[in-house]
Amino acid sequence: MIRFGMVGTGRITAWVLKGAKLDPRFRAEAICSRNGASGKTFASAHEIPKVYTSLEEMVADPGIDAVYLGTPNHTHCDLAILAMKQGKHVLCEKPLASNAREVREMIDTARSSGVLLMEAMISTLNPNFLQVKRRLPEVGKIRHFFSAFCQYSSKYDLVRKIIAGESDAPVPSSLNPDCSGGALMDIGIYTLYPMVALFGKPSGIHACVTTCEVPVGTVRKTVDLQGAVLFEYDGMTAEILYSKIADSKLRTEISGEDGILSLDQIHIARQAEFIPRGIPTSGRAAGPEAVDLTVPPEADEYLCEFREFIDLLERGKKESTRNSLSTSLAVAEIMDEIRRQGGVVFPADLHIV
Ligand SMILES: NC(=O)c1ccc[n+]([C@@H]2O[C@H](COP(=O)([O-])OP(=O)(O)OC[C@H]3O[C@@H](n4cnc5c(N)ncnc54)[C@H](OP(=O)(O)O)[C@@H]3O)[C@@H](O)[C@H]2O)c1
């Protein structure tokens with residue numbers, strides 16, 4: 001039984017709890033909220049015995065083995081380091097941190113503290129993604145990767161009102177540069193992380209980014225709303241497309257000389273297929289049939305990340321090979337470069353060590 005301290009009472013903690021509880025080795029031992037009343041309400045709704053309002057106190061509790069961080073991006077590094085220095089294993093929401101410098105600091109702390117650190121990137125633990133990964137040799141020499149995650153966000157409606165002076169609400173963390181938010185960090189990462197997990201780090205990055213200025217405190221700061229990025233690899237190219245201001249139903253495709261492997265969506269893939277080479281070039285030819293590779297759905301889509309994390313703990317491992325720390329670091333380095341090209345700067349980037 002692994003006793004978890006959950007941090008943050010937002011909707012993502014509620015979502016992952018539903019999946020995590022399906023693993024009999026998972027126990028939600030405590031919830032940490034900045035607000036005692038929210039913590040108590042969340043604890044009673046999710047049957048969590050202990051409530052903390054300070055992470056320092058929660059990680060000093062010997063009854064907690066691991067911490068799940070479901071807080072905004074800009075808090076991940078400090079909170080994870082605090083927990084790891086107390087010997088707690090950390091499952092941290094994506095993105096692992098604001099930038100590559102922070103990711104390196106977290107990896108160093110995990111290693112020096114001898115604890116497991118894993119980014120809760122669901123896409124690369126999803127059974128349909130793993131199915132496609134296993135069958136990669138069937139497409140022959142890989143020539144192209146394409147992935148899209150474009151979802152119009154209701155938070156953008158709020159941001160528009162804030163910009164127009166029609167709302168005094170703070171800019172939500174997912175679109176707030178002071179919280180290391182923006183479309184790339186929020187959803188673009190779901191297209192990027194699988195690309196790096198499959199093909200490693202690209203040699204070239206060419207980003208085209210749509211931004212806007214949002215009021216943060218007394219100033220306006222640049223945040224990205226969508227992006228299209230081209231990557232160069234030896235003998236292949238890759239493209240990602242992500243947006244919080246428009247939808248897309250485009251599939252993720254891995255195209256090789258012998259066919260195409262594809263997923264219906266990259267965030268949480270629910271359908272996978274293989275199409276052998278020979279797509280018809282005219283309306284008269286039938287072309288090869290798609291072979292359905294779909295894996296039956298799990299009882300809950302978030303179960304996979306807790307199962308992976310607990311499996312690793314049971315085997316005494318300090319790192320996942322599926323969501324490895326080297327992938328997390330490479331992804332953070334690529335995101336730093338995309339933001340540099342798009343002109344998006346976070347306060348965390350200005351931190352002087
Ligand atoms: N895997 C997925 O499918 C998925 C989906 C959505 C989001 N996410 C990730 O989950 C994380 C949270 O995103 P979100 O949109 O849920 O964020 P959020 O609503 O802004 O914050 C989540 C919770 O974190 C706590 N919190 C807020 N600001 C904080 C601060 N400055 N310091 C410490 N705790 C703070 C709050 O709980 P208390 O008030 O109780 O302290 C809040 O309810 C992000 O990293 C995001 O990328 C993942």
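Me: Is Ser 180 buried or exposed?
Reply: Ser 180 has 27 other C-beta atoms within 10 Å. A residue is buried if 20 or more other C-beta atoms lie within 10 Å of its own, exposed if 12 or fewer, and partly exposed in between; C-beta atoms are placed from the backbone. So Ser 180 is buried.

Me: At what pLDDT do side-chain atom pairs count?
Reply: Residues are numbered from 1 along each chain as its sequence is written. This is a predicted model, where totals for chains, interfaces and linings use all residues, local features need pLDDT of at least 70, and side-chain atom pairs count only at pLDDT 80 or more.

Me: What is the phi of Ser 180?
Reply: Ser 180 sits in the loop between helix 7 (154-163) and helix 8 (183-199). Helices (H or I, at least four residues) and strands (E, at least two) are DSSP runs, numbered from the N terminus. Ser 180 is not a glycine, yet its phi is positive, about 55°.

Me: Is Glu 47 buried or exposed?
Reply: Glu 47 is in the loop between helix 2 (36-46) and strand 3. Its phi is positive, about 55°, although it is not a glycine. Glu 47 has 9 other C-beta atoms within 10 Å, so it is exposed.

Me: Where does the ligand lie relative to domain 1 (2-120) and domain 2 (127-301)?
Reply: The protein chain is divided into these two domains, with bounds from an automatic or database domain assignment. Both domains give residues to the shell around the ligand. Therefore the ligand lies between them.

Me: Which of the 21 residues around the ligand come nearest?
Reply: A residue is near a molecule or strand if its C-beta atom, placed from the backbone, lies within 6 Å of it. By that rule, 21 residues surround the ligand. Those that come nearest are Gly 8, Thr 9, Gly 10, Ser 33 and Ser 173.

Me: How many residues of the ligand shell are charged?
Reply: Ala, Val, Leu, Ile, Met, Phe, Trp, Tyr, Cys and Pro count as nonpolar, Asp, Glu, Lys and Arg as charged, and the others, Gly among them, as polar. The shell has 4 nonpolar and 12 polar residues. The charged ones number 5.

Me: How many residues of domain 2 are in contact with domain 1?
Reply: The C-alpha centres of the two domains lie 27 Å apart. Contact means that the C-beta atoms of two residues, placed from the backbone, lie within 7 Å. Domain 1 gives 9 residues, and domain 2 gives 10.

Me: Which strands stand at the edges, beside strands 2-1-4-5, in the parallel sheet?
Reply: The sheet is open, with 6 strands in the order 3-2-1-4-5-6. Two strands pair if DSSP finds at least two bridges between them. Each edge strand has a single partner, so one side is left without a neighbour in the sheet. They are strand 3 (50-52) and strand 6 (117-120).

Me: Which residue in strand 4 stands opposite Met 6?
Reply: Strand 1 (residues 2-7) and strand 4 (residues 66-69) are parallel, joined by 4 bridges. Opposite Met 6 stands Tyr 68.

Me: At what angle does helix 9 run to strand 5?
Reply: Helix 9 (residues 303-314) lies across strands 1, 2, 5 and 6. Axes are lines fitted to C-alpha atoms, for helices over the stretch in contact, and angles run from 0 to 180 degrees between N-to-C directions. To strand 5, the angle is about 160°.

Me: Which residue of strand 11 faces Ile 142?
Reply: The mixed sheet has 8 strands in the order 8-9-10-7-11-12-13-14. Strand 7 (residues 142-150) and strand 11 (residues 252-256) run antiparallel, with 4 bridges. Opposite Ile 142 is Gly 256.

Me: What is the omega of the peptide bond from Lys 94 to Pro 95?
Reply: Pro 95 lies in the loop between strand 5 and helix 5 (100-113). The bond is cis, with omega near -20°.

Me: Which residues does Leu 329 touch?
Reply: Leu 329 lies in helix 10 (residues 325-342). It has 20 C-beta neighbours inside 10 Å, so it counts as buried. Not counting residues up to four places away in sequence, Leu 329 touches Ala 100, Val 103, Arg 104 and Ile 107.
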